[in-house]
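User: I have a structure to go through. Can you take my questions as they come?
Analyst: Go ahead.

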Amino acid sequence: MFDPAALAQSWPMPSKPRPIVTFGAGSIVGDAHFPAYRRAGFPMTGLYDPDHAKAQKLASEWGVEAFASVAQAASVENAIFDLATPPSRHAEVLKALPDGAVALIQKPMGNNLVEATEILEICRAKKLSAAVNFQLRFAPMMLALKDAIAKGWLGEVVDFDAWLALDTPWQLWEFLLKAPRVEIAMHSIHYLDLIRQLLGDPAGVHARTLGHPNHTVAQTRTSAILDYGETVRCSLSINHDHKFGRRHQACEFRISGTEGAAWLQLGVNLDYPRGEPDILEIYPKGGDGWVAVPLSGAWFPDAFVGRMANVQRFAAGEDAELVSSVEDAWNTMALVEAAYRSSAAPATPLARKP
């Protein structure tokens, strides 16, 4: 019998966590990284940001040191280097780290596939143990979903739908307001990465991503279909400009198998960063109705705990796999790049009336 409480929802904790040094003092650090690390009891040594006043303010709020330079931050021994930096700054920080260091890189892995390849080559040359912060894989609801699929409660997954209609406050991330790639590269990349984990790499993608006449953010709306052959249907409908009240907003996944199904609400995106509760319901194989899975936490900040726990445990030899390593994350970047290429390509034209 299906027992929702038996589904895995957390990552094992490291026995002796290393100190964490963070690069960047943006909202994601104060909203997710530091709350997660403090909750988990991970030692937080300090942070660096080129805006030293901004770094000092955040450091004082969390009782950590504000480093004066990249070199000073990179000199902390036996540290896990946590890059919460804009994608254009990842490479220069990685170059400054000591050879053989351990790093967690904020997504995306560069602004495009060329930069992702540069980052991959830096990590290989410096023998860095580096992962990309695709932390949605570690959200309690997603760990439970993955466990349910692995245990056969859905049968063979044949449908994956992502449906978002919400009002995202892009102004929280100033560097995005003039970025040439936004929606897929900075947001839907999470979903594409999760889909890769659950379904593997698709053969290709059909996509269209675009902005909105009411603002100047490059892209805030995306439609995409991932090609998994003749059996699996996978589609994403993403609209960050549904600014007409909460009633008909949505942020949900529907995953259907041959013998069961799952429905999820990703609550953090509804009224970000406060958010609403995450929800996971499963219609299990052999069941006769939907079963609510009691969740032990939420995407923000709990997924950041699991993401860092895996990095810490891999560094200590306690985990055999570094999840979302730069080698694997490069493939997610390749899917993102393919989506942008598809969006830039002309659609199939309609036939002309004779």
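Analyst: One term before we start: a residue counts as buried when its relative accessible area is under 20%. Also, this is a predicted model.

User: OK. Is F253 buried or exposed, then?
Analyst: F253 has a relative accessible area of 0%, so F253 is buried.

User: What ring does F253 pair with, and what is the geometry?
Analyst: F253 pairs with Y191; the ring centres are 5.3 Å apart and the planes stand at 90 degrees, so the pair is edge-to-face. Y191 belongs to helix α7 and F253 to strand β11 (residues 250-257), so the pair ties together parts that are 62 residues apart in sequence.

User: And Y191, buried or exposed?
Analyst: Y191 is buried, at 0% relative accessibility.

User: What about Y272 and F300, how are their planes set?
Analyst: Y272 and F300 are edge-to-face as well, with 85 degrees between the planes and 5.9 Å from centre to centre. Y272 sits in the loop between β12 (261-265) and β13 (279-283), while F300 is in helix α8, and the two are 28 residues apart. Both residues are buried.

User: Which aromatic cluster are those two in?
Analyst: Y272 and F300 belong to one aromatic cluster together with W170, W173, W299 and F304.

User: How many aromatic pairs in total?
Analyst: The count comes to 13 aromatic pairs.

User: Switching to pockets. What volume does the largest one have?
Analyst: The largest pocket has a volume of about 890 Å³. Its lining has 38 residues, and the closest to the pocket centre are G26, S27, I28, W173 and F175. W173 is also one of the residues of the aromatic cluster.

User: Which elements give two or more residues to that lining?
Analyst: Those are α1 (27-40), α7 (183-199) and α8 (299-315).

User: How does the lining divide by residue type?
Analyst: The lining of the largest pocket divides into 22 nonpolar residues, 10 polar and six charged.

User: Now cysteines. How many disulfides does a search of the whole structure find?
Analyst: Zero.

User: Why does C251 have no bond to C234?
Analyst: A disulfide needs two cysteine sulfur atoms within 2.5 Å. The closest cysteine sulfur to that of C251 is in C234, and it is 15 Å away, so the two are too far apart for a bond.

User: Is C251 buried or exposed? Same question for C123.
Analyst: C251 is buried, with a relative accessible area of 1%. C123 counts as buried too, at 2% relative accessibility.

User: Different topic: where is P14?
Analyst: P14 is in the segment before β1 (20-23). With a relative accessible area of 10%, P14 is buried.

User: What is P14 in contact with, sequence neighbours aside?
Analyst: Leaving aside residues within four places in sequence, P14 is in contact with F42, A309, Q312, R313 and E318.

User: And how far is P14 from A79?
Analyst: P14 and A79 are 14 Å apart in space, C-alpha to C-alpha, and 65 residues apart in sequence.

User: Last one, T22. Which strand is T22 in?
Analyst: T22 is in strand β1. T22 is buried, with a relative accessible area of 0%.

User: What does T22 contact?
Analyst: Again leaving aside neighbours within four places in sequence, T22 is in contact with V29, F34, G46, L47, Y48, D82 and A84.

Notes
Residues are numbered from 1 along each chain as its sequence is written. This is a predicted model: local features need pLDDT of at least 70, side-chain atom pairs count only at pLDDT 80 or more; totals for chains, interfaces and linings use all residues. Side-chain values use heavy atoms; hydrogens and water are left out. Buried means under 20% relative accessible area, exposed over 50%, partly exposed in between (1.4 Å probe, protein chains only). On a 1 Å grid over the protein atoms alone, a cavity is a set of points where a 1.4 Å probe fits but cannot get out, and a pocket is an open set with protein on both sides within 12 Å along at least five of seven lines; lining residues have an atom within 4 Å of a point. Grid points are joined across faces, edges and corners, and a volume is the space filled by probe spheres set on the points. Helices (H or I, at least four residues) and strands (E, at least two) are DSSP runs, numbered from the N terminus. Ala, Val, Leu, Ile, Met, Phe, Trp, Tyr, Cys and Pro count as nonpolar, Asp, Glu, Lys and Arg as charged, and the others, Gly among them, as polar. Contact means heavy atoms within 4.5 Å. Rings of Phe, Tyr and Trp (its six-membered ring) pair if their centres lie within 6.5 Å; planes under 30 degrees apart count as stacked, over 60 as edge-to-face and the rest as tilted.
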